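Work through the following exercises with the sequence and the 3D structure side by side. Each task is followed by a solution that goes step by step.

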Amino acid sequence: MLHRRRRHRFLPYAPAPGKAADVPRPLRTLTGILASGPLRRTLYLTVTVAFSVAALPVTAVSSTHTLGVSAAAAGILTAAYGLGNLAGSAGVMIRPSRTEADRLTTRLAATVAVTLLLITLTPSFPLAVTAYAAAGMANAYFFAATLAARNEYAPDNARGQIFVWVGALKITAGSAGTAAAGALISTSAALPLLLAVALTIASTLLSLAERRPNRRRYDAPCGPASPHTEPENGRPHPTGPTGRIHDCSNHG
């Protein structure tokens with residue numbers, strides 16, 4: 001008598017959130033991101049910050065002469081940035097922010113710009129170590145905010161695609177930032193970070209300008225409402241989707 005072996009699952013089975021036919025094509029995904037105010041802001045802030053912080057390892061090496069330390073001390077600056085990033089990640093896990101993700105990304109992008117400016121202005125090596133650690137911590141909080149924004153504002157059938165698109169563009173921007181810093185560092189040691197600060201501040205101001213204070217409705221992605229996208233008194237609805245369809249024709 002043959003006995004069939006039972007397959008044991010460590011996690012309960014869950015069906016896919018949507019059919020393969022419902023997943024939007026790349027062009028439609030990008031169009032949907034650009035049509036949604038929060039997703040659009042999340043995209044260009046993510047790309048700009050990734051481009052900017054990618055200059056830090058290159059700048060760390062070139063700034064050692066100015067700070068009066070050996071070139072090997074650049075490893076300490078880079079390690080300080082990594083430890084700050086680790087501390088920021090732990091802080092996010094211990095105490096997640098309750099601020100609206102769209103606005104939080106703007107505030108944290110501005111914070112990253114401030115830390116990059118501090119790095120360019122620091123006169124001593126100990127202060128530079130502190131500034132690099134602060135930049136890492138700010139970037140960790142910013143990255144967590146962008147993840148929250150992608151999850152909060154993306155429609156259900158396109159959430160995976162949007163995560164992949166923004167993540168891929170983030171990696172591309174980081175590579176471009178490193179290449180740009182390497183090309184500019186021969187001109188001036190401070191030029192790559194000054195450019196990074198300028199771009200990050202410009203993106204932050206653009207995101208602020210997009211939000212008109214007299215808007216009655218909160219920006220939401222086109223398509224069926226997903227959890228935390230339907231506004232209630234200016235804040236995401238706490239009870240999840242309402243089933244209404246958002247009209248993006250008048251949204252920024």
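**Exercise 1. Identify the residues that line the largest cavity, and sort them by element and by class.**

Step 1. The lining of the largest cavity consists of Phe-51, Ser-52, Ala-55, Gly-177, Ala-180, Ala-181, Leu-184, Pro-192, Leu-195 and Ala-196. A cavity here is a set of points, on a 1 Å grid over the protein atoms alone, where a 1.4 Å probe fits but cannot get out, and lining residues have an atom within 4 Å of a point.

Step 2. The elements that contribute two or more residues each to this lining are α2 (37-53), α7 (159-184) and α8 (191-210), and α7 gives the most, with four residues. Helices are DSSP runs of H or I with at least four residues, strands are runs of E with at least two, and both are numbered from the N terminus.

Step 3. Sorted by class, the lining has eight nonpolar residues, two polar ones and no charged ones. In this scheme Ala, Val, Leu, Ile, Met, Phe, Trp, Tyr, Cys and Pro are nonpolar, Asp, Glu, Lys and Arg are charged, and the others, Gly among them, are polar.

Step 4. The structure holds one cavity of 30 Å³ or more, and about 40 Å³ of space lies in the largest cavity. Such a volume is the space filled by probe spheres set on the grid points, which are joined across faces, edges and corners.

Step 5. Keep in mind that this is a predicted model, in which local features need pLDDT of at least 70 and side-chain atom pairs count only at pLDDT 80 or more, while totals for chains, interfaces and linings use all residues. Residues are numbered from 1 along each chain as its sequence is written, and side-chain values use heavy atoms, with hydrogens and water left out.

**Exercise 2. Describe the surroundings of two residues of the cavity lining, Gly-177 and Ala-196.**

Step 1. Gly-177 lies in helix α7 and is buried, with a relative accessible area of 3%; buried means under 20% relative accessible area, exposed over 50%, and partly exposed in between (1.4 Å probe, protein chains only).

Step 2. Apart from its neighbours within four places in sequence, Gly-177 is in contact with Phe-51 and Ala-54, where contact means heavy atoms within 4.5 Å. Between the C-alpha atoms of Gly-177 and Val-47, which are 130 residues apart along the chain, the separation is 9.8 Å.

Step 3. Ala-196 belongs to helix α8 and is likewise buried, with a relative accessible area of 1%. When residues up to four places away in sequence are not counted, Ala-196 touches Ser-52 and Leu-116, and its C-alpha atom is separated by 8.9 Å from that of Leu-117, 79 residues away along the chain.

**Exercise 3. Determine how the buried residues of α3 are arranged around the helix axis, and what covers them.**

Step 1. Helix α3 (residues 56-67) has Leu-56, Thr-59, Ala-60, Ser-63, Thr-64 and Leu-67 as its buried residues. Seen down the axis of α3, these residues fall within an arc of 150°, so they line one face of the helix; the arc is that of the directions from the helix axis to the C-beta atoms.

Step 2. The cover over the buried residues of α3 includes α2, α4 (74-94), α5 (101-121), α6 (125-153) and α8.

Step 3. For a single example, take Ser-63, which has its place in α3 and counts as buried at 14% relative accessibility. Beyond its neighbours within four places in sequence, Ser-63 is in contact with Leu-77 and Tyr-132.

Step 4. After α3 comes Gly-68, whose phi is positive, near 75°.

**Exercise 4. Trace the contacts of Tyr-81 and Thr-146.**

Step 1. Tyr-81 is found in helix α4 and is buried, with a relative accessible area of 16%. Outside its neighbours within four places in sequence, Tyr-81 is in contact with Val-53, Leu-56, Tyr-132, Ala-133, Ala-135, Gly-136 and Asn-139.

Step 2. Thr-146 is found in helix α6 and counts as buried at 1% relative accessibility. With neighbours within four places in sequence left aside, Thr-146 is in contact with Thr-42, Thr-46 and Thr-105.

Terms used:
1 Å grid on protein atoms, 1.4 Å probe; cavity = no way out; pocket = protein on both sides within 12 Å on 5 of 7 lines; lining within 4 Å.
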